[in-house]
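User: Please take a close look at one buried spot in this chain. Then work outward from there and link that spot to other parts of the fold and to the chain as a whole.

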Amino acid sequence: EEQAPPRAARAMAADMEVDAGLAEDEAEAEARERAAARLYAQWKALIPYMYDWFSNDNRAWPSLSCRWGAVLEKSAHKTKQRAYFAEQTDGTTPNTLIVASMQVLQPRVAQADYISTFSEETRSPFVTKSKTLIHPGEVNKIREFACHPSLIATSTDSPEAYLWNTSTQDDRAKEATRQGVEVKCSCPDLVLAGHTAAAPFALATAAADHKAASGGADALVALWDVSDHTSTLCATAVDPQARAPAKAGGDPPGPRLDARMLFRGHTASIEDVCFCADDSRLLASVGDDGMLALWDERAGGDSMADSAPKAHTEDVHAVDWSPHDANLIVTGGADGVAKVWDRRSLGKGCVGAYEYHDQPILRVQWNPDAAGFFTSGGQDGRILIWDTSKDGARPPGTQDGAGSSPPPAVLFQHNGHRAEVVDFHWNPYSAWTMLSVSNDTERNGGSTMQMWRVSDLLYRPEEEMREEIQGFRELLEAEDAAKGDDKAAKMDA
């Protein structure tokens, strides 16, 4: 037999290596799917023990963001609360921004057997749509103004951000269901302008005033103060007579507000921004250049207050400023690591690194109800609650993946999502209560939104838990003794 030419032999060997690599990748993917299925089954069996309340809401369309809103009504057993999410469609119907009302059960109300028996394919009875807005483009992020119960900001794949007064916007629910028909978009109450390129994901609102900030592909951080607008938007809204719907695909009409300030210093797209909870003149931003940057409005747009140029080894996707300690900031990156920083010493590196995600982190948030705890969620479908007083490094000798042993700092794992977690939000009015959403496009074409509250037995002081459990034990023993006395009395009779 003639030998194959050297070039052909090398090509054949290369093809064999590619085939072997593809087979290995497929085997690894199948192994991850089997491990994820086992983990999900284990998680579902433990719901009655891990959660005080849980509800699953299967949505037909993906939603990339979710937020709690203002409390509407409160009773002894539940709270009616506003919430926001989106519907990112395939173009047959328009993209929508949903204003919903949610029934949030009070602690120690939900029955264990009820919260553990749910269907992954049905809607939650606790979620009701109250208003639908037709959004100009896909909704990538939603952020509410805490000082204004009806005002929210949204970002899409355009340079502008949009403000909506949800209490005065028209309900477009009927029009939103029309298929194959060009439908005009709802008109925002205010268009925030300033970026020269798309600003899809980095969006934040201040805790105590009407400031908003965003970051874009132009590597700029834009800052607005809605109170700079000459109208009375913060109190009312645009005149309904002037709020003509925009044409589909066109720029929405309505008043525009230029950025009060543009911060320059990043060298790549900005992925997330946040305000200091104590001082809205201070901002933090992170981006694809791996940088964590701090800004001070008083210093001007060309002066960076401080930075960690290589905060992560890869892109930085998320940042949040602690509401309990104005010196602490948490970041999450594509390297799957969450890091805590002290703004007084950024140049010395992070003060804590927390590793347990095996895929990029997409969202981080400090727990508003407990100092020293933050939460991370990412492409591995997990939401982790971290205790910064403990070690965040993986135990020596453990492998990567959801089935491995967690670091001591992991207080809680929420494994209810089976796709990437794109957003979550701690409820500011109900302690340890979470709203989270995953993008399930590849699994079922929609999204999974979940409302859940961690059992207080998992985070309360151990001595306090022991006292409560002892109280229950004594109560049960007393009941058993009473039943025994009754039985003896009947036998004597």
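**A buried tryptophan and its setting**

Analyst: Trp432 is buried, because its relative accessible area is 4% and the cut-off for buried is under 20%. The model is a predicted one, and what follows describes that model. Trp432 sits in a loop, with β27 (421-426) on one side and β28 (433-440) on the other. Its backbone deserves a remark: phi is positive, at about 55°, although Trp432 is not a glycine.

A second residue can be described in the same terms. Ala219 is not a glycine either, yet it has a positive phi of about 65°. Its place is the loop that runs between β11 (211-215) and β12 (220-225). Is Ala219 buried or exposed? Its relative accessibility is 10%, so Ala219 counts as buried.

The next residue belongs to a strand. Leu294 is part of β17, which covers residues 292-296. With a relative accessible area of 6%, Leu294 is buried. What does Leu294 touch, if residues up to four places away in sequence are not counted? Its contacts are Leu283, Ala284, Met304, Ala305, Asp306, Trp321, Ile329, Arg343 and Leu346. Phe412 gives a distance to set beside that list: Leu294 and Phe412 are 118 residues apart along the chain, and their C-alpha atoms are separated by 30 Å.

From single residues we can go to a whole strand. Strand β7, residues 151-155, is mostly covered, with five of its five residues buried. The cover is found on both faces: Leu151, Ala153 and Ser155 are buried on one side, and Ile152 and Thr154 are buried on the other.

Which strands pair with β7? One partner is β6 (residues 141-144), which pairs with β7 in the antiparallel sense over four bridges. Within that pairing, Lys141 has Ser155 of β7 as its bridge partner. The two strands form a hairpin, with six residues between β6 and β7. The other partner is β8 (residues 161-165), joined to β7 by five bridges and also antiparallel. Here Leu151 has Asn165 of β8 as its bridge partner. A hairpin of five residues connects β7 to β8. Ser155 and Leu151 thus appear twice in this account: both are buried residues of β7, Ser155 is bridged to Lys141, and Leu151 is bridged to Asn165.

Now for the whole chain. Its secondary structure amounts to six helices and 29 strands. Buried residues account for 52% of the 493 residues; Trp432 is one that is buried. Of the contacts with a separation of 6 or more, 61% are between residues 24 or more positions apart.

How does the overall size fit the number of residues? For 493 residues a compact globule would have a radius of gyration near 23 Å, and the chain has 25 Å, so the two agree. Along the principal axes, the C-alpha atoms fill a box of roughly 90 × 85 × 55 Å. The accessible surface is about 22,700 Å², and carbon and sulfur atoms hold 50% of that area. As for charge, there are 48 positive and 75 negative side chains, and the centres of these two sets are 5 Å apart.

To return to the starting point: Trp432 is a buried residue with a positive phi, and its place is the loop between β27 and β28.

Methods. Residues numbered from 1 in each chain as written. Predicted model: local features only at pLDDT ≥ 70, side-chain atom pairs only at ≥ 80, totals over all residues. Heavy atoms only, no water. Rg over C-alpha atoms; globule rule 2.2 N^0.38 Å. Buried < 20%, exposed > 50% of the residue type's maximum accessible area, 1.4 Å probe, protein only. Contact = heavy atoms within 4.5 Å. Areas by Shrake-Rupley, 256 points an atom, 1.4 Å probe, with all protein chains shown as cover. Lys, Arg positive; Asp, Glu negative; His and termini not counted. Charge placed at Lys NZ, Arg CZ, Asp CG, Glu CD. Pairing = 2+ DSSP bridges.
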